[in-house]
Amino acid sequence: MKLTVNSNFPFRISAINYASDGNVTLTIESESTTTESQYRYEADFGMQQAEEHVPISLAQYTSDFTESHTVKEKTKISYRLMLKHLRDYGDIDLEHITTAS
């Protein structure tokens, strides 16, 4: 199982607990916390079917986006220019793009 946590603040995972009933609990702490407030988010996903995840490159996404009929023509021009640069200088899978922290 791969778990990904996205956050808009720095944190550390102080505990991971797995119960015999299948529940996983992550305890996340932040250095920037200024109050004693605690929050909880719970989700019950039930029985779901897994879907195949097909990686898409930035160039393919850009190409598909410019083909959309709902995109304004001025926006398409920018995306076509980006697609040209991706083809000239190299492409990357979208999974490998990360934001600077």
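## Two helices, packed antiparallel

In this predicted model, helices α1 and α2 pack at an angle of about 155°, and their axes lie 9 Å apart. Angles over 145 degrees count as roughly antiparallel, and α1 and α2 are therefore roughly antiparallel to each other. Welcome to a protein chain with two helices and two strands, which appear along the sequence in the pattern β-β-α-α. The notes below start with the chain as a whole, then turn to the helix pair and to two individual residues.

**The chain as a whole**

- The protein chain has 101 residues, and buried residues make up 11% of them.
- If we take the contacts between residues at least 6 apart in sequence, 30% join residues at least 24 apart.

**The buried side of α1**

- Helix α1 spans residues 58-67, and its buried residues are L58, A59, T62, S63 and T66.
- These residues sit on the same side of α1, because the arc they cover around the axis is only 135°.
- Their packing partner is α2, which covers residues 73-89.

**The contact between α1 and α2**

- On the α1 side, the contact involves L58, A59, Y61, T62, S63, F65 and T66.
- Facing them from α2 are T75, K76, Y79, R80, M82, L83, L86 and R87.
- Sorted by class, this contact of α1 with α2 holds eight nonpolar, four polar and three charged residues.
- The charged members of the α2 set are K76, R80 and R87.
- As for handedness, α1 passes α2 in a left-handed crossing.

**I56, ahead of α1**

- You will find I56 in the loop that runs between β2 (24-29) and α1.
- Is I56 buried or partly exposed? With a relative accessible area of 31%, I56 is partly exposed, because buried would mean under 20%.
- I56 and I92 are 36 residues apart along the chain, and their C-alpha atoms are separated by 8.8 Å.

**N17, in the strand region**

- N17 belongs to strand β1, which runs over residues 12-18.
- Its relative accessibility is 44%, so N17 counts as partly exposed; the label exposed would need over 50%.
- Which residues does N17 contact, once neighbours within four places in sequence are left aside? They are N23, V24 and T25.
- V24 and T25 fall within β2, the strand at 24-29, and both are on the contact list of N17.
- From N17 to T27 the C-alpha to C-alpha distance is 8.5 Å, with their positions 10 residues apart in sequence counted as the separation.

Key: Residues are numbered from 1 along each chain as its sequence is written. This is a predicted model: local features need pLDDT of at least 70, side-chain atom pairs count only at pLDDT 80 or more; totals for chains, interfaces and linings use all residues. Side-chain values use heavy atoms; hydrogens and water are left out. Buried means under 20% relative accessible area, exposed over 50%, partly exposed in between (1.4 Å probe, protein chains only). Helices (H or I, at least four residues) and strands (E, at least two) are DSSP runs, numbered from the N terminus. The arc is that of the directions from the helix axis to the C-beta atoms. Contact means heavy atoms within 4.5 Å. Axes are lines fitted to C-alpha atoms, for helices over the stretch in contact, and angles run from 0 to 180 degrees between N-to-C directions. Angles under 35 degrees count as roughly parallel, over 145 as roughly antiparallel, 65 to 115 as roughly perpendicular and the rest as oblique. A crossing is left-handed if the near helix is turned anticlockwise from the far one by less than a right angle, and right-handed if clockwise.
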